[in-house]
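Colleague: I would like to learn how to read a fold from its coordinates. Could we take it feature by feature?

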Amino acid sequence: FSNEYATDMLEDEWTLVDHSSTWLDDLGAGELRPAPGNRQFVNKKPGKVDDEANQMMLISDMILAWDPGFRPHLEAYANDEARLKVDFGAAFKKLTELGC
């Protein structure tokens with residue numbers, strides 16, 4: 001795994017969309033349109049064609065970037081993939097040793 005999630009969260013521009021955001025179809029990114037009644041963020045802008053891979057984030061993902069308490073962690077992992085791997089490894093080890 002990598003820190004791409006963290007770097008994309010901070011580097012990409014995100015647009016809130018819902019099922020009626022048919023402009024995504026025009027960009028060839030129709031799979032990013034959420035089911036009726038749902039909303040999510042996408043790394044696309046209306047009328048702007050780009051070479052970026054189609055990505056989406058839920059509001060619960062975006063909170064990591066918006067919340068002043070979580071953002072420093074996101075920034076640290078975006079800037080240091082080795083730190084992410086060490087911290088993840090320690091947390092995962094703890095979870096598995098506790099039988100979670």
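Modeller: We will go through the sheet, the helices, the cores and one loop residue. Keep in mind that this is a predicted model.

Colleague: Start with the sheet. In what order do the strands lie?

Modeller: The order is β1-β2-β3, in an open sheet of three strands with antiparallel pairing. The edges are β1 (15-18) and β3 (56-57), each of which pairs on one side only.

Colleague: How many bridges join β1 to β2?

Modeller: Four bridges, with the two strands running antiparallel. Follow the register along β1. Thr-15 is opposite Val-42 of β2. Leu-16 has Phe-41 of β2 as its bridge partner. Val-17 faces Gln-40 in β2.

Colleague: And how many bridges link β2 and β3?

Modeller: Two bridges, again in the antiparallel sense. One point to check on screen is Val-42, whose bridge partner in β3 is Met-56.

Colleague: How do I read the faces of a strand?

Modeller: In a regular strand, side chains alternate between the two faces of the sheet. Now take β1. Thr-15 and Val-17 make up its covered face. Leu-16 and Asp-18 make up the uncovered one.

Colleague: Which helix lies across β2 and β3?

Modeller: That is α3, which runs at about 55° to β2.

Colleague: Next, helix packing. At what angle do the axes of α1 and α4 cross?

Modeller: At roughly 115°, and the axes come within 8 Å. The crossing of α1 past α4 is left-handed.

Colleague: Which residues make that contact?

Modeller: From α1 come Ala-6, Thr-7, Met-9 and Leu-10. From α4 come Arg-71, Leu-74, Glu-75, Tyr-77 and Ala-78. By type, the contact divides into six nonpolar residues, one polar and two charged.

Colleague: Is there a general rule for reading such a list?

Modeller: An α-helix has 3.6 residues a turn, so residues three or four places apart point the same way. Compare that with the positions in the contact. For a single residue, look at Ala-6. Beyond its neighbours within four places in sequence, Ala-6 is in contact with Leu-74, Tyr-77 and Ala-78.

Colleague: Which residues of α4 are buried?

Modeller: Leu-74, Ala-76 and Ala-78. The cover over the buried residues of α4 includes α1, α3 and α5 (81-97).

Colleague: Now the cores. Which residues form the largest nonpolar core?

Modeller: There are nine: Ala-6, Met-9, Trp-14, Phe-41, Met-57, Met-62, Ala-65, Leu-74 and Ala-78. At least two of these core residues come from each of α1 (4-11), α3 (59-66) and α4 (71-79). Another core, of six residues, lies apart from this one. Its members include Val-17, Leu-24, Leu-32 and Val-42.

Colleague: Last, a loop residue. Where is Ala-35 placed?

Modeller: Ala-35 sits in the loop between α2 (23-26) and β2 (39-42).

Colleague: Why is Ala-35 classed as partly exposed?

Modeller: Because its relative accessible area is 41%, and partly exposed covers the range between under 20% for buried and over 50% for exposed.

Colleague: What separates the C-alpha atoms of Ala-35 and His-19?

Modeller: A distance of 5.7 Å, for two residues that are 16 residues apart along the chain.

Note on methods: Residues are numbered from 1 along each chain as its sequence is written. This is a predicted model: local features need pLDDT of at least 70, side-chain atom pairs count only at pLDDT 80 or more; totals for chains, interfaces and linings use all residues. Side-chain values use heavy atoms; hydrogens and water are left out. A nonpolar core is a set of buried Ala, Val, Leu, Ile, Met, Phe, Trp, Tyr and Cys residues joined through side-chain atoms within 4.5 Å. Buried means under 20% relative accessible area, exposed over 50%, partly exposed in between (1.4 Å probe, protein chains only). Contact means heavy atoms within 4.5 Å. Axes are lines fitted to C-alpha atoms, for helices over the stretch in contact, and angles run from 0 to 180 degrees between N-to-C directions. A crossing is left-handed if the near helix is turned anticlockwise from the far one by less than a right angle, and right-handed if clockwise. Ala, Val, Leu, Ile, Met, Phe, Trp, Tyr, Cys and Pro count as nonpolar, Asp, Glu, Lys and Arg as charged, and the others, Gly among them, as polar. Two strands pair if DSSP finds at least two bridges between them.
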